[in-house]
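Open the model in your viewer and keep the selection box handy. The tour moves from one selection to the next and says what is there.

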Amino acid sequence: MTMPPSLWPDCMLEGHSRMEIVSVRIGVEADIPRVRQVSDVIARSFSFENFARTRMITAILEITRNALQHGRGGRAYFQAERKAEHTWLKVVVEDQGDGLPDDSVFVKSRRPFRANLSQSRGMGLGLTGVQSLADSFDLRSSKEGTTAELAFQTSVPARELESRVEDVREKLGDLSATDPVAELSRQNRELAEAMAERELLIDEVHHRTGNNLSLIISFIQLSKRNAKEEETREAMAQLEARVHSVAKVHQELQRAHLGERISLLPLLENVARHAQDAFSNPEFDISISVFGDNANVVGAAAIDLGLIVNELVTNSYKHAFAGRQQGKVQIAFERGPDDEYWELSVQDDGGGIPEDMKPERSDSLGWRMVRAMATRHAGKITTSGEKGFRTSIKFPPEFASAGRDTSGSASSAE
């Protein structure tokens, strides 16, 4: 249980002390459950709540599995630290591998954390997740091996650190006398309970968010009805459509049990239908059709695409059909040739725009929003105004994944 010399130099700093708790060998697959047991005992002894304990154990297991699978094993060192008035649990995992590939690039910061690693060796798949789970994360690598350092801040007062360390050492001493299978079963059960509790809290947050969005839309509609100026009513209608786009994505996420990805075409159909309801009247009949390749996108991307489509359709209603009572708008989301990209397009059959006009460079709020949201997902915007006005945004192939085979399906918001 000797600590690596590289871990000790800063122990002499004023207001800073470090105490070794235990070290665990990582040599075979059977050592991973042992790391999990030790992590659980330490987390409980330092009063981590259920979710924080789950977060800590998950991060430690990810790093130790990397050390075993890609670094030919090593050792995990558990420490307690006092820095000024704060106390921390620190886990240092050293492996005996050849280090990370030469073309690996690490950007070490709290968030975001990016790792561009050679995937041929399968390394680094969980590093971004570890960065998110740990309060502090650092990685050092050379031809002699890789050292990962994870730290988690505790609520233990600095004056109690030594007594907590002594207590956890005693508990770890008793751990060897327990049935490892029974202990692992208990930990699995409690982790499952902790995750269920987390899901319940998330469900409650989303329920309240949905209610709040509905209330906001109601306030906007009330203000729009009471507005006397046409310009005010128009601004309120645009705001209502934007909030409604966000609310629709939220509803889709709830229907999918808050999954990470949702089907895009049904969402765009809802956005189109609401835009038509908001802007059409008996004297102004604009039909909107939605078609393309069915695809799934993450929730954040779905919100952005819903807002983009809402802005572009709103622009068509406002500018494309001057002096006309009828018109058409087509919304499409399709795969590019050879699956090289995904393309979102919104096209109307209105009067178009002059050839030298570049609306995508406009400084208006709407176009600034469209540019910002497209750029967030590496989208490239082009426009044309020869036959009506068309906006195209091309996204990289990983932006979406194929959904159910409904390619070529179309729906209308007429």
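Start with the lining of the largest pocket: helix H6 (230-255), H8 and helix H9 (365-376) each give it at least two residues. Helices (H or I, at least four residues) and strands (E, at least two) are DSSP runs, numbered from the N terminus. A pocket here is an open set of points on a 1 Å grid over the protein atoms alone, with protein on both sides within 12 Å along at least five of seven lines; a cavity is a set of points where a 1.4 Å probe fits but cannot get out, and lining residues have an atom within 4 Å of a point.

This is a predicted model: local features need pLDDT of at least 70, side-chain atom pairs count only at pLDDT 80 or more, and totals for chains, interfaces and linings use all residues. Residues are numbered from 1 along each chain as its sequence is written, and side-chain values use heavy atoms, with hydrogens and water left out.

**Stop 1: the largest pocket**

Select Asn-315, Ser-316, His-319, Pro-359 and Trp-367. Of the 22 lining residues, these lie nearest the centre of the largest pocket. The space in this pocket is about 390 Å³. Volume is the space filled by probe spheres set on the points, with grid points joined across faces, edges and corners. H8 supplies the largest share of the lining, 8 residues. Colour the lining by class: 8 residues are nonpolar, 10 polar and 4 charged. Ala, Val, Leu, Ile, Met, Phe, Trp, Tyr, Cys and Pro count as nonpolar, Asp, Glu, Lys and Arg as charged, and the others, Gly among them, as polar.

**Stop 2: the second largest cavity**

How many cavities of 30 Å³ or more does a search of the whole structure find? There are 2. The second largest has a volume of about 40 Å³. Select Leu-312, Asn-315, Ser-316, Val-346, Asp-348, Phe-389 and Thr-391 to show its lining. H8 and E12 are the elements that give two or more residues to this lining. The largest share, 3 residues, is again from H8. By class, this lining has 3 nonpolar, 3 polar and 1 charged residues.

**Stop 3: Asp-304**

Stay on H8 (residues 299-320) and select Asp-304. Is Asp-304 buried or exposed? Its relative accessibility is 4%, so Asp-304 counts as buried. Buried means under 20% relative accessible area, exposed over 50%, and partly exposed in between (1.4 Å probe, protein chains only). Beyond its neighbours within four places in sequence, Asp-304 is in contact (heavy atoms within 4.5 Å) with Met-373, Arg-376 and His-377.

**Stop 4: two loops**

Go to the loop between strand E11 (326-335) and strand E12 (342-348), where Asp-338 sits. Asp-338 has a positive phi near 55°, and is not a glycine. Asp-338 counts as exposed because its relative accessibility is 69%. Asp-339 is in the loop between E11 and E12 too. Asp-339 also has a positive phi, about 55°. With a relative accessible area of 44%, Asp-339 is partly exposed. Most residues other than glycine have a negative phi.

Next, select Asn-294, in the loop between strand E9 (285-292) and strand E10 (295-298). Asn-294 is buried, at 13% relative accessible area. Add Arg-335: the two are 41 residues apart in sequence, and 9.4 Å apart C-alpha to C-alpha.

**Stop 5: H1 and H2**

Select helix H1 (residues 31-45). Its 15 residues should span 21 Å at 1.5 Å a residue, and its end C-alpha atoms are 21 Å apart, which agrees. The expected span is 1.5 Å times one less than the number of residues. H1 is mostly covered, with 12 of its 15 residues buried. Among them are Ile-32, Val-35, Val-38 and Ile-42. Just after H1, Ser-47 has a positive phi of about 65°.

Move to helix H2 (residues 50-70). For its 21 residues the expected span is 30 Å, and the end C-alpha atoms are 30 Å apart. Just after H2, Arg-72 takes a positive phi of about 60°.

**Stop 6: the whole chain**

Zoom out and colour by pLDDT, the predictor's confidence in each residue, from 0 to 100. The chain averages 78, and 74% of the residues score at least 70. Over residues 1-14, pLDDT stays under 50. Residues 405-410 are also below 50. Where pLDDT is low, the predicted coordinates should not be read in detail. The chain has 9 helices and 16 strands. Of its 414 residues, 46% are buried.
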